[in-house]
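Work through the exercises below with the model open beside you. Try each task before you read its solution.

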Amino acid sequence: MGRAIDDTFIQSRMLNTGKGPAVYSLRAQADKLRYKQRMRDAVQKQQNLTLRQGEVKRLIIENGAVKGVETMTGSTVYCKAAVLCTGVYLKSRIIIGQHSWEGGPQGLVAATGLTQSLIDNGFSVRRFKTGTPARVDVRTIDFSKMVPQYGDEPITPFSFLTDPSVLKNQTLCYLTYTTPKTHEIIKENLHLSPMYSGNIKGTGARYCPSIEDKVVRFADKDRHPIFLEPEGLDTVEWYVQGMSSSMPEEVQREMYHSVPGLEKAELMRLAYAIEYDCIDPLQLDHCFQARHISGLYCAGQLNGTSGYEEAAAQGLYAGMNAALKIKGEDELVLNRTNSYIGVMVDDLTTKGTDEPYRMMTSRAEYRLLLRQDNADVRLTRMGYEAGLAGEERLRKLESKLEELEKSKKYLMSHWCAPSPQINEMLSSKGVPELTVSVKLSDLLKRPNVNYDDLNVCSEDLPQISSSAKELTQTEIKYEGYLQRQQADINRFRKEEEMLLPSDIDYMNIDGLRIEARQKLNRVKPHSLGQASRIPGVSPGDINVLMIVMEKIKRSGNTNGKTSD
């Protein structure tokens, strides 16, 4: 996916650069048609892969394991493992004002048959809602009233295999704002909004609200940012980011026309809300396999998440573990210490969610170590061992690690004495001048000083790749914080390594509170660490579990009944 976006993006920007590297966020505006074609070609050219298109209406489950699926046309596809990725199409309903119909995004049909099969096979199903803004004709947009949003130069690629020198921005995006008139139109027509009239039953996303929801929830704000983004290079359709809505058509037109630059905009596709079915993710284990059905994996919006980044990550995670299961190999488990995917999986399968879940940096307690610049350091070897990463990628990682070690060793062993050239550089950075000699590593820790600035101090400064420079800078500048966070991770891992038997009956453990017994039995945590993160399980309950685990080790009994 990283290589595909590098091949098809039209603008790239690093967000949150005014903050620390722990919350940097790389964002690309894709050419949607080209991205779809690029991914379709990759799938079609994949060896040993058979492609079939059809709607699945029933799961075939025998003796607690998936055996296949049945389609709407009555055909059967047998399998050893299946991954359900229903998106927002499961019994989906499009809603615009008082009008609604069964259907999915992009004019595709809803999947109406599978929900009942999920219920019949013991899944708890709920109803969520998301939405999308209108698409407008670029020829009717007045960009002179908007603020241009430029892409970054140089560009940071998504894939560590991509040469950044070949990447180029090809378009601009634009920023505008809603106005008091926009908010007035919305307030006057709230009674027509399906969200407030009761026509929408599903739970909406807290962190991507519709424009009418923003106006109501943030009544103190007199404007909200709106981003205009192209759908692609070969289309006149532009996306109005930040203005999703389910208002009636005539209200939408009036509302959009009140935004600077959109006064004469032609709406090519209306904004709409969409309701869809999803499951309770507490019914899944730490690999997204159904706890009660072996070989059945679930991913994406089906698990109660919102957003295509989250869906893509889940598809990768569930898919690779389904493949490893079929091959009889060990599962690949990501956790809160090594990846954002691990944080998301743990949140969903341990805490569950009662609203569409979005992955944010604030959810990750170890986010200073879960940065995008070291994603390859954290995960490439795991990917290689699971068959997901090739030799070329592993060699690039090893080369980067050699550069990192070389640069850090050099910076921590070489000193820099005060000089006019050095102090001129520091002054230009707004940093106090040097009065005594310091290590290059200490000089790099100063605000606004980067790796290349150190060339003025040393002619022998190691010349390394841009990705290694970024990693070196971060690890040197935040050395103390990283060490403290690593100590926290080491404590976390000790609890994660204390595995709980999968067949233990927590209802039989007398020392646990009733709430803890019920929730532990429902989640069936795989470790003491996961148990400690279940809402309603107290530190006292964890102490009881530690005692029970010790007794289980001695007795070999996993039903929770132990003798003194």
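## Exercise 1: the cores

Task: Find the largest nonpolar core and name the residues with the most contacts inside it.

Solution. Start with the terms. A nonpolar core is a set of buried Ala, Val, Leu, Ile, Met, Phe, Trp, Tyr and Cys residues joined through side-chain atoms within 4.5 Å. Buried means under 20% relative accessible area, exposed means over 50%, and partly exposed lies in between (1.4 Å probe, protein chains only). The largest such core has 39 residues, and L84, L118, L296 and Y317 have the most contacts inside it.

Next, see which elements supply it. At least two residues each come from β4 (65–71), β6 (82–84), α3 (114–120), β17 (296–298), α8 (308–326) and α9 (340–351). The top contributor is α8, with six residues. Helices (H or I, at least four residues) and strands (E, at least two) are DSSP runs, numbered from the N terminus.

Now zoom in on L118. Contact means heavy atoms within 4.5 Å. Set aside neighbours within four places in sequence, and L118 is in contact with L59, L84, L90, F123, V125, I279 and L302.

Finally, look elsewhere. Another core, of 33 residues, lies apart from the largest one; I94, V136, L228 and V251 are among its members.

A note on the model. It is predicted: local features need pLDDT of at least 70, side-chain atom pairs count only at pLDDT 80 or more, and totals for chains, interfaces and linings use all residues. Residues are numbered from 1 along each chain as its sequence is written, and side-chain values use heavy atoms, with hydrogens and water left out.

## Exercise 2: charged pairs

Task: Locate the salt bridge between R522 and D280, and decide how buried or exposed each partner is.

Solution. First, the principle. Side chains of opposite charge can pair when their charged atoms come close. A salt bridge here is a side-chain nitrogen of Lys or Arg within 4 Å of a carboxyl oxygen of Asp or Glu. The count by this rule is 39.

Go to R522 and D280. Their side chains meet at 2.2 Å, N to O. R522 sits in helix α16 (residues 514–523), while D280 is in the loop between β16 (272–279) and β17. The two are 242 residues apart, so this pair links distant parts of the chain. R522 counts as partly exposed because its relative accessibility is 48%. D280 counts as buried because its value is 4%.

Task: Contrast that pair with R491 and D488.

Solution. The closest N and O atoms of R491 and D488 are 2.2 Å apart. Both residues lie in helix α15 (residues 479–496). They are three residues apart, about one turn of the helix. D488 is partly exposed, at 32% relative accessibility.

Task: Which of D137 and R139 is buried, and which is exposed?

Solution. D137 and R139 form a salt bridge of 2.9 Å, N to O. D137 counts as buried, because its relative accessibility is 10%. R139 counts as exposed, because its relative accessibility is 64%.

One more step: look for a network. Salt bridges link R336, D346, D347, K351, E365, E496 and R533.

## Exercise 3: a buried acid

Task: Place E231 and list its contacts.

Solution. E231 is in the loop between β13 (225–230) and β14 (237–241). Its relative accessible area is 8%, so E231 is buried. Its side chain and that of R269 are joined by a polar contact of 3.3 Å. Such a contact is a pair of N or O atoms within 3.5 Å; within protein, one must be able to donate a hydrogen and the other to accept it, and residues adjacent in sequence count only if both atoms are side-chain atoms. Beyond four places in sequence, E231 is in contact with A30, D31, K32, R135, E237, W238, Y239 and R269.

## Exercise 4: backbone details

Task: Where is the cis peptide bond between E153 and P154?

Solution. Omega for this bond is about -5 degrees. P154 is found in the loop between β11 (147–149) and β12 (173–177).

Task: Find the phi of N48 and of N63.

Solution. N48 is not a glycine, yet its phi is positive, about 60 degrees. N48 lies in the loop between α2 (32–44) and β3 (56–62). N63 is also other than glycine, with a positive phi near 55 degrees. Its loop runs between β3 and β4. N48 is exposed, with a relative accessible area of 84%. N63 counts as exposed, at 84% relative accessibility.
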